[in-house]
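Me: I am new to this structure and would like a close look at one part of it. Please take a single helix, say which way its residues face, and then work outwards to what surrounds it.

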Amino acid sequence: MATFESIDDLISRRTPEALGILNQGSEEQLRLARLGTQAGLAPLQEVDDLRAFEEQQSILGQRGAEAQEFAIGNIPESQFDTELRRRQQQQLMRGAAASGEAGGGATLQAGQQLAGAQQANFIQQRLAQLSPLVAASRGIRSTMSGLSEQGRVGEAQIQSGLGTQLANIRLGAAAPQVASIQRGAELSGLQGISSANQQASRNNQLASLAGTLAGSF
Amino acid sequence: MPSAIGAVVGVGVSLIGQRNTKKASQRAADKQRNAAIESADVLAKAGKKGEADILRQNALARHTSELATIESAEQLRPFADTSAFKRATDEFLGNLPVGGAIADSIRQSSIDFVSSRPEFSGMIGNTPVGQEIDRQGDLAVSAATPQFRDSLMQSAQSGLAGAADVAQIEQRGFNRLGDIAGSEAAQRSSILIGQGPQLAQLQTGADDARLLSSVAGQNFRTGATEQIAGLAGNLTQQFTKDEFGFRSGQDPFNQGNFN
């Protein structure tokens, strides 16, 4: 067990210990807070995927002309869609042939409108497919954003709070030191006064004796 | 005459004793004063270190709070895009057909239908029919335009919501920095106030010391006056002759002088 020579000694040795404990506690608190934030973010980071969002933005022209052209040119088309597109056009042409208008202007207009609408629907379908994915990505990012912010705010509160705690320890340690200094001065002064009083008392006795002797002569 | 000398010596000895008491009291007062100065110094050092702790920790808190804003906003930054809204507004107000690669691909599909049919493939070119084919392609683009405007508008709304979220994050960030500044000031002043009771105690100690010194001085003056008064009385008594012409203690007819 540690022994201390004085209150000053105790305080000078215990204050750094107390400050160290506080700092360590705060570090641990920060470590756990960061672990908590990371634990919250980790599963979300695994599914954090902005590809759908980027493709959506590219198709809509928000990433430039080149990206838009590339995105539209690379929309995957299923065999079913390809077949459906072909059959719809074939059906139009067969109907026109049946009525003897295979090479007519009405067939030309109808065919062009059909092909244009098919391509527009094809792009719209892709945008519709991307839409829920984009919403999910947005939701994931929103949650991650909230977790990040809350985590850091918590850390900032720990850091700010530690300042006050450290300062209180320092001030708290100063109080007994001050009391010790005051008490020391008081005791020393009282000793001096007491000693002087004793001497004065002796002098008074001597004076009294001198007076008595003077009276006797 | 020797009796007078004895009385004076007695008073002198007594005065020395009182002076010593006064000096001891003054020394005690000095010690208390020095102790108060030393204590104030200890408090000031503790206060300075405490204030440094507060400043350092709040600087860290400010940095972390800024990270909170940066990291949080960074997650949503891709979704915070107001350019789609500006574009959608221009397209809605101008009632323009969708452009870019979307329009090109729709137009091309429309033309591809013609070129892929042997019945029409010869019509493409700078002929009235060829021009009609191009016009039909543009019409296909115009027909699809409302759908794509809606898509662009949805994206624009999402971008606006993201921008609003980021703006709120940044606003909260500034609010937090303000809170930290306020909290820091409160913490610093609290440390100063925390020193208050102890400084007040020192003040009381200093007052006590002054009082002690003052009382000692008063006692000394009173004691000295009393002693001198006593001496004067004693001497007067010793040198005053009685009704028979004898000094005090020398009357041979006074029985008391021989007991």
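Reply: In this predicted model, the buried residues of H3(A) are Gln68(A), Ala71(A) and Ile72(A). Because these residues cover an arc of only 95 degrees around the axis, they lie on the same side of H3(A). Glu66(A) and Gly73(A), by contrast, are exposed, and they are found on the other side of H3(A).

The next step outwards is the contact between the chains. Here 78 residues of chain A are in contact with 88 residues of chain B, and the elements of chain A that give two or more residues to its side of this contact are helix H2 (51-59), helix H3 (65-73) and helix H5 (105-216). The helix with which we began is therefore one of these contributors, since H3 (65-73) of chain A is named among the elements, counted as DSSP runs numbered from the N terminus. The largest share of that side, however, comes from H5(A), with 64 residues. By residue type, the side of chain A that touches chain B divides into 35 nonpolar, 35 polar and eight charged residues.

The interior can be followed in a similar way. The largest nonpolar core has 23 residues, and those with the most contacts inside it are Ile102(B), Ile106(B) and Ala144(B). Two or more residues of this core come from each of H2, H3 and H5 of chain A, as well as from helix H2 (83-94), helix H3 (100-115) and helix H4 (128-239) of chain B, and H4(B) gives the most, with six residues. If neighbours within four places in sequence are left aside, Ala144(B) is in contact with Gly116(A), Ala117(A) and Ala120(A), and also with Val98(B) and Ile106(B) of chain B. Apart from this core lies another, of 19 residues, which includes Ala167(A), Leu171(A), Ala173(A) and Ala36(B).

Finally, chain A as a whole gives the setting for its helix H3. The chain has five helices and zero strands, and its pattern, read along the sequence, is α-α-α-α-α. Its C-alpha atoms fill a box of roughly 170 × 35 × 25 Å along the principal axes, and its radius of gyration is 46 Å, whereas a compact globule of 217 residues would have one near 17 Å. Buried residues make up 30% of the 217 residues in chain A. Of the contacts in chain A with a separation of 6 or more, 77% are between residues 24 or more positions apart.

Terms used:
Residues numbered from 1 in each chain as written. Chains lettered and ligands numbered in written order. Predicted model: local features only at pLDDT ≥ 70, side-chain atom pairs only at ≥ 80, totals over all residues. Contact = placed C-beta atoms within 7 Å. Helix = DSSP H or I, 4+ residues; strand = E, 2+ residues; numbered from the N terminus. Nonpolar A, V, L, I, M, F, W, Y, C, P; charged D, E, K, R; others polar. Core = buried A, V, L, I, M, F, W, Y, C linked by C-beta atoms within 7 Å. Buried ≥ 20, exposed ≤ 12 C-beta atoms within 10 Å, placed from the backbone. Arc of directions from axis to C-beta. Rg over C-alpha atoms; globule rule 2.2 N^0.38 Å.
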